[in-house]
Every structure is written in structure tokens, then in C-alpha cells.
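Here is a short walk through the fold, one region at a time. Keep the viewer open and follow along.

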Amino acid sequence: MTLEHFDLLLDKYAHLVTSIGVNVRKGQSILIYAEIEQAPFVHKLTDAAYERGAARVDVEWSDLHTKRAFLENAPEEALATVPTWVPVRSQNIADANTTRISILSADPDGYSHIDDNRISTLEQAMQRANSPVRQATMNNDLDWIVIGAAGQAWAQKVFPDLEAPYAQDQLWAEIFKVSRISVDNDPEADWAAHVAKLKTKSQWLNQQNFKSLHFKSPITDINIGLAENHFWEAADSADKSGHTFIANMPTEEVFTSPDYRHIDGHVQSTKPLSYAGTLIKDIQLTFKDGHVTEAHASTGESILKQLIATDSGASSLGEVSLVPDPSPISQSGITFYNTLFDENASDHLALGAAYPSNIQGGTQMPLEERQAHGQNESLVHVDFMIGSADMDVDGITFDGKTVPVFRNGDWA
């Protein structure tokens, strides 16, 4: 790595993630998910977590080559049948409230040549097997964070005109920049100010208590009802013990729960979506009475349709999120081919499950009660980007008034 001050910046990143990121406290158990290419970063995260008093730090290593070989060669029944220890382990992670750090760095199009049906078969089997930890994570029972690290194949996708080592340097530089890390700054102080700024937006939206939102651009025209007693969140969250954490670094969004029963219109994506190792481009969805009735894409359409068919909830929405076009990631002009980064450059929606914290008291409610408030449930939660510099968003009040929220991609 030739990036100037790289080791110092990586140290700052590791300490930021373990401090205000997942707020590691004495006696906690930590589980890190990472590609083997990211061992140096994982070592720094491990050391930083132990410095803060972690009792145990485990790593679940991943390797695109071995996963790809399995997808290419395994018999169909092996793709559909998950080993019995997988759901057991998922339940143990959830029961122990294990803090989870997920590092995204793999090739966003790493499975592009593999049959879509094989990818979907494995993806759905793993989603079912890991549902205990998914539910605990979405309910904020445990602390969790998703972050990025510059994998070489990913970097070359983002910067195709650069040779591999220089592309990786450039991607690391961008990750540090949008994560508010520089040689001479205090990242924790910068993040505290950023969180406070985002919260002024979520607080205003909560005061409005809109019945619905209307998104309108040259390619999108959709009305999205909001769940009863919905709650807008920004940047940080609280686990069930009351400790705060930041689930995404970077983050530029405020988000809440749609009412899955009241979504009508059409929407088109403005950035590619990397899902299950495949790039899905130019997503076009039509909704009627809360569910997708038509789905198209210029690439990855088969994967998109299989995602929507995962279960009944996968054909509706679980999240609506507002991100101003002047956000730093959008203004960089870079398409990252990675949802963590691209969703923080653009308004976005999520197919599938809603976050229980996005309705008041939702984390203490049984599923049936949350659904009665309009919250969606599914095995999946997949964000896709719809925002642009020409997107207008209006809030519709319960007495039918229209309140400008976004004009030309920015807060009105």
C-alpha cells in the first residue's frame, strides 16, 4: 500500500469503528465478518476492540474464490441445504447479543457468470438459516455496524482506468474521506457534529408526522404511505440496553418505515445495485396497493425477480430513506457499486423487512402488532437507489396538505 499515511489512517478507522461505531464496552463479545484480503485491517480492529475491554473477538473469514467454486460445482441439493450448525450458530449469536462488525470489500460483480438460479437457491437458503441473527440485528437487540474496506477487485470496478494497486489506493482514500478520517482531524468529534446535524432533519420529519410521501422526478412518480406512528431515524441507534451505536459508516440518510399496504406508482433506480454478487442495473418497479406488479432491469433482471419472489414481503417496501444530492458521496461523482456507499449518495428504498425501531415502541412489539401498523416483514432487506438532482419529495399531511420536503434533490 503506497497511500501516504495509510497506516495512521487505518488505525484511526479501526478506533473510530470500535468507539462510536459499535461502542465496544468491557466484557463484550465481538464478531467480525471479513474477506481474507482484509487481514491487516481486521488485526487493527481486533487490537482496538481489546483495548476497549472486549472479552472476545472472533472473525468469520470469507473468500470469494471458495464461495464461487461452491456455487459453480456443488450439486443443487447442496446449494439448497444449509449445514445444521448454521442456524444453531445464528441463534447463538443472537442470544448472546454478540456485537457484529461487517466489512464489505468483495467484487460487487463476482458471481456475474454463474447461473442466476443457483445464486438465488443458495441466497434464500442462507437467508432462512440466518434469520435469528437477522431479526436480532434489525431489532437492534445487539450493536452492529457495516463498513467498507478497499478490496482490489472492487477497486478496479470503481476505478477501471487505474492499475490495480493505484485503484486500491484511490478507493481507500475515498473510504477514509467519506468516513470523515484524515491525518490531522478528530474523527469522533467530526462524527458527533455530523450525527447532530442529521438528527435535526429526523426531528423535523417526526414533528410533521406525514401520512405519505410523494417522490417525483422525470423517471419516478410514486406515492409511499408511512406506517402508523412511524419514527424517522438518523445516524445513530440504541440497542436494547440503551447503548448507542452507528450502524453504517458512512451515513448521510434519514429513514423510516413505509406502510406496506399503501404504495402506488412507478420508480426507477439511479445507480446499479450489487446483490448476491451480481450487478442489477436500471431497475424499474411498478407498485399497486403496496406490492410490485412489474419488475424490469437492463441487467440482472432474473436475480431481481427471484429476490422479489423470496416471500410475500419481498414484493413490498420496508424502508424509505432521504439523502440530499449535495451529500459528499454524491458530489464525489463516484459510483461505488456497493450499497453502503451508493445509498448514502441517493434517496433509496428497500425491498423487504422494516426496522422495528422505525415505529414508536416497535422493538417491544410482536410482529403481528407491527404489521397492523403497516410494517413489512420478509427474509430480505435490500436497498436500491432512486435519488437524483432532479428529485422532488412532498410530504402529504393527514388533512391533505402538501409540504415540500425535497426540491431538486435537496432539503426544501
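What follows goes through the sheets, the helices that pack on them and a couple of individual residues.

## The parallel strands around strand 1

Keep in mind that this is a predicted model. A good place to begin is strand 1, residues 29-35, which is mostly covered, with six of its seven residues buried. Strand 1 runs parallel to strand 2 (residues 56-62), and seven bridges join the two. To find the register, look at Ala34, whose bridge partner in strand 2 is Trp61. Put helix 2 into the picture as well and you get a right-handed β-α-β unit made of strand 1, helix 2 and strand 2.

Strand 1 also pairs with strand 3 (residues 99-104), again in parallel, through four bridges. Here Tyr33 stands opposite Ser102 of strand 3. Is Ser102 buried or exposed? Its relative accessibility is 15%, so Ser102 counts as buried, the cut-off being under 20%. Setting aside neighbours within four places in sequence, Ser102 is in contact with Tyr33, Ile145, Val146 and Ile147.

## Helix 2

Helix 2 is 13 residues long and spans 18 Å from first to last C-alpha, close to the 18 Å expected at 1.5 Å a residue. Its buried residues are Ala39, Phe41, Val42, Lys44, Leu45, Thr46, Ala48 and Ala49. What covers these buried residues? The cover includes helix 1, strands 1, 2, 3 and 4, and helix 9. Just past the end of helix 2, Gly53 has a positive phi of about 100°.

## Helix 9 and the loop before it

Helix 9 (residues 164-178) has 15 residues, and its end-to-end C-alpha distance of 21 Å is close to the 21 Å expected at 1.5 Å a residue. Plenty to look at here: Ala164, Ala167, Gln168, Asp169, Leu171, Trp172, Glu174, Ile175, Phe176 and Val178 are buried. Among the elements that cover them are helix 1 (6-21), helix 2 (39-51), strand 4 (144-148) and helix 8 (152-158), along with helix 12 (328-331) and helix 13 (339-342). Just after helix 9 comes Arg180, with a positive phi of about 65°.

On the other side of helix 9, Leu162 sits in the loop that links helix 8 to helix 9. Leu162 is partly exposed, at a relative accessible area of 35%. Not counting neighbours within four places in sequence, Leu162 is in contact with Gln156, Ala167 and Gln170.

## Helices 5 and 7

Next, a helix pair. Helix 5 (residues 85-95) packs against helix 7 (residues 131-138) at an angle of about 25°, and their axes are 7 Å apart. That makes helix 5 roughly parallel to helix 7. Helix 5 brings Pro87, Ser90, Gln91, Ile93 and Ala94 to the contact, while helix 7 brings Ser131, Pro132, Val133 and Ala136.

## The eight-stranded sheet

Now for an antiparallel sheet: eight strands form an open sheet in the order 15-14-11-6-5-19-20-21. Strand 15 (291-296) and strand 21 (410-411) stand at the edges with a single partner strand each, so one side of each is left without a neighbour in the sheet. Further in, strand 19 (residues 392-396) and strand 20 (residues 402-407) run antiparallel and are joined by four bridges. Val393 has Phe406 of strand 20 as its bridge partner.

Two helices pack on this sheet. Helix 10 (residues 187-208) touches strand 20 and strand 21, and its direction makes about 160° with that of strand 20. Helix 11 (residues 301-308) touches strand 14 (284-288) and strand 15, with about 170° between its direction and that of strand 15.

## The five-stranded sheet

Finally, five strands make an open antiparallel sheet, ordered 7-10-16-17-18. Which strands stand at the edges? They are strand 7 (233-234) and strand 18 (381-385), each with a single partner strand, so one side of each is left without a neighbour in the sheet.

Within the sheet, strand 16 (residues 317-322) pairs with strand 17 (residues 348-352) over four bridges, in the antiparallel sense. One residue pair to click on is Leu317 and its bridge partner in strand 17, Leu351.

Definitions and conventions:
Residues are numbered from 1 along each chain as its sequence is written. This is a predicted model: local features need pLDDT of at least 70, side-chain atom pairs count only at pLDDT 80 or more; totals for chains, interfaces and linings use all residues. Side-chain values use heavy atoms; hydrogens and water are left out. Two strands pair if DSSP finds at least two bridges between them. Contact means heavy atoms within 4.5 Å. Axes are lines fitted to C-alpha atoms, for helices over the stretch in contact, and angles run from 0 to 180 degrees between N-to-C directions. The expected span of a helix is 1.5 Å times one less than its number of residues. Buried means under 20% relative accessible area, exposed over 50%, partly exposed in between (1.4 Å probe, protein chains only). A crossover is right-handed if, with the strands pointing away from the viewer, the path from the first strand over the helix to the second runs clockwise. Angles under 35 degrees count as roughly parallel, over 145 as roughly antiparallel, 65 to 115 as roughly perpendicular and the rest as oblique.
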